Amino acid sequence: MEAIETKVDKKDPQYLENYGRMEAMVARLNEDLRIAREVRSEKALARLAEQSKLPVRKRLELLLDKNTPVLEIAPLAAYDMYDKGVHGAGSVVVIGVIHGREVLITASDPTIKGGTIYPMGVKKALRCQTIAMENRLPLISLVDSGGAYLPLQSEVFPDSDDGGRIFYNQAIISKMGIPQITAVMGLCTAGAAYIPAMSDEVVHVKGTGAIFLGGPPLVRAATGEVVTAEELGGADLHCRDSGVSDYWAEDDAHALQIIRDIVQGLPDPGKSRLSTRPPRPPLYDPKELYGIVPRSLSTLYDIREVIARIVDGSEFLEFKALFGPTLVCGWTYIHGYPVGILGNYGVLFSNSALKATQFIEICDKRGIPLIFLQNITGYIIGREYERGGITKDGHKMVNAVATATVPKFTVIVGASFGAGNYGMCGRGYSPRFLWMWPNAQIGVMGGEQAANVLISVKNDQLAREGQPPLAEEMVKAIKEPIIAMAEKEGNAYYSTANLWDDGILDPAKTRDVLGLAISASLNGPIHSGPQGHGLFRM
Ligand code: COA
């Protein structure tokens, strides 16, 4: 396989300007991640120490094998939401390694409002369960939570994808034969009591862990019975009397050791096999991606320069290189795993959509995972293209993406607009994982375009009524808020806060994150269901 030859000039002032800009964005990202992971109130930390509990990240450190890679999911969920302090939506979710086995861990953070579950916390819990189901990863829960965040109870409780779905999914995960192990390291109150109850095995920490449907204040109010949390649902009661819990733990460290022992004893179903090669680093430094990404999303750049910095040896066998050139497709390896990559180099035309369809079909037939590098403003529009059947050809691509059964991974490296988001495997198309680069933007269309559409609709309306078009100041008054809204709601931080993605990535880490994600995906079957696709409109 030939290596991609770069055309990047590292002395070009534009490259240097781009580099500085991306470096600043990555520095901001790292600082935001540090705050989300480390900054907690004195009061909450003191309360933790008083109860002899370990902080959530220390718990994870003790649970996981030393010096093994960790892939954190949605660390900036709920960013800038609520009171700005609900870091990671109140929980930490990671894919990590225990006794050499990849597992998915979700841990509530008791230093954030008693580990209570906010609306975004529910969404993150459901996302975590989807990851467990799609990738057949054993699911470990470290529960230390006051249950629903009561001031927002209407947003966490009643609907189909609210709290109840968590326990519903636990039943489905159990039926699928995916191990679920829970450590009770704080309160599991009301609904949260079902997290251990619906698990295969429950480890219960003496003194701090308690499981009950109604806590002491509720019991007192309802029945007049006065009991402590330990008497009502502590380790003694549940390990000796009720049988709700299976293992009695002296403290946090002991509970984590028991979980490690349980995982060690799990039968190893083996991972799906791909025809791997020995991994090799790319020829070019991944940090050069900083200089490649232009300031403006409308400035075209060659996606091969990105591919060259994330794949083994920068090698790439390009498929149909001369046909439909606005979509680059080809085969390569990432950390030794074979993959098919689709990356945008301009808007999607009929021929690029047809090429994508054929390429996806081949990868699906051969069981090769698909990687989508999204930088797409949409499919081409205009009379000529409608006449040529762009909608029909776009449909084939969307159909192929939706029905492909191999693991799919999406990285939004620039624009993600309109139907381009669908064709390039946006969140609605069930990629196993999806990330954004800090510069990425997502939306139905850009703010300027959206504003122009609305102004044009208004002017047509006025014309029908025999009135003159909007005056300049009215146009401005309509445009400005729409552009501002699109910028705010289209940026990577807004996306990650809302869990539209699994995290914002430092571009230089894309290769390693993809490698970990592909490895995690191989815990499940290569084909998620029967192969085949819907009807192709010809
Ligand atoms: N909803 C909203 N906020 C809650 C909450 C809930 N269910 N449970 C706790 N909090 C808040 C507290 O008000 C406090 O906020 P503050 O830091 O702004 O003062 C913070 O979480 C920590 O609570 P605190 O009681 O001081 O900490 P703790 O470590 O001693 O106890 C809990 C934590 C969760 C065990 C305890 O607060 C509790 O029992 N909460 C009620 C649980 C419950 O009955 N939930 C039913 C919901 S289904």
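# Close-up views of a predicted model

**View 1. Glu-480 and its salt bridge in helix H19.** Glu-480 has a relative accessibility of 49% and therefore counts as partly exposed, since the partly exposed class lies between the limits of 20% and 50%. The model shown here, as in every view below, is predicted. The side chain of Glu-480 meets that of Lys-476 in a salt bridge, with an N to O distance of 3.9 Å. Both residues belong to helix H19, which spans residues 472-490. Lys-476 and Glu-480 are 4 residues apart, about one turn of that helix. Side chains of opposite charge can pair when their charged atoms come close.

**View 2. Further salt bridges of the model, with Arg-304 and Arg-165 as examples.** The count of salt bridges comes to 30. In one of them, the side chain of Arg-304 meets that of Asp-302 at 2.9 Å, N to O. Arg-304 counts as buried because its relative accessibility is 18%, and the buried class takes in values under 20%. Another salt bridge is formed between Asp-161 and Arg-165, whose closest N and O atoms are 3.5 Å apart. With a relative accessibility of 25%, Arg-165 counts as partly exposed. A network of salt bridges links Lys-10, Glu-288, Glu-305 and Arg-309.

**View 3. The surroundings of the ligand.** The ligand has 14 residues around it, of which Lys-43, Arg-47, Lys-113, Gly-146 and Ala-148 come nearest. Helix H2 (42-50) supplies at least two residues of this shell, and strand S5 likewise supplies at least two. Lys-113 places a polar side-chain atom 2.5 Å from an oxygen atom of the ligand. Gly-146 approaches with its backbone, a polar atom of which is 2.7 Å from a nitrogen atom of the ligand. The backbone of Ala-148 also takes part, with an N or O atom 3.0 Å from a nitrogen atom of the ligand. Taken alone, the ligand exposes 860 Å², and the protein buries 58% of that area.

**View 4. Strand S5 and its pairing with S4 and S7.** Strand S5 is mostly covered, with 9 of its 10 residues buried. Strand S4 (residues 139-145) pairs with S5 in the parallel sense over 6 bridges. Within this pairing, Val-143 has Val-184 of S5 as its bridge partner. S5 also pairs with strand S7 (residues 210-212), again in the parallel sense, over 3 bridges. Here Cys-188 has Ile-211 of S7 as its bridge partner. In a regular strand the side chains alternate between the two faces of the sheet.

**View 5. Strand S6 and its pairing with S5 and S8.** Strand S6 (residues 201-205) is mostly covered, since 4 of its 5 residues are buried. Strand S5 (residues 180-189) and S6 run in the parallel sense and are joined over 4 bridges. Ala-183 has Val-203 of S6 as its bridge partner, while Val-184 is partnered by His-204 of S6. Val-184 is also the partner in S5 of Val-143. S6 is further joined by 3 bridges to strand S8 (residues 247-249), and these two strands run parallel. In that pairing, Val-205 has Ala-249 of S8 as its bridge partner.

**View 6. Asn-375 in strand S12 and its contact with Ala-415.** Asn-375 is found in strand S12, which covers residues 370-376. A relative accessibility of 12% is the reason why Asn-375 counts as buried. The side chain of Asn-375 reaches the backbone nitrogen of Ala-415 at 2.9 Å.

**View 7. A nonpolar surface patch that includes Val-444.** The patch covers about 350 Å² and is made by Val-444, Met-445, Val-453 and Val-457. Val-444 lies in the loop between strand S15 (441-443) and helix H18 (447-464). Its relative accessibility is 68%, so Val-444 counts as exposed, the limit for this class being over 50%.

Notes
Residues numbered from 1 in each chain as written. Predicted model: local features only at pLDDT ≥ 70, side-chain atom pairs only at ≥ 80, totals over all residues. Heavy atoms only, no water. Patch = residues over 30% accessible without salt bridge, like charges linked within 9 Å, V, L, I, M, F, W, Y side chains within 5 Å. Areas by Shrake-Rupley, 256 points an atom, 1.4 Å probe, with all protein chains shown as cover. Salt bridge = Lys/Arg side-chain N within 4 Å of Asp/Glu carboxyl O. Buried < 20%, exposed > 50% of the residue type's maximum accessible area, 1.4 Å probe, protein only. Pairing = 2+ DSSP bridges. Near = heavy atom within 4 Å. Polar contact = N/O pair within 3.5 Å; in protein donor to acceptor, adjacent residues only side chain to side chain.
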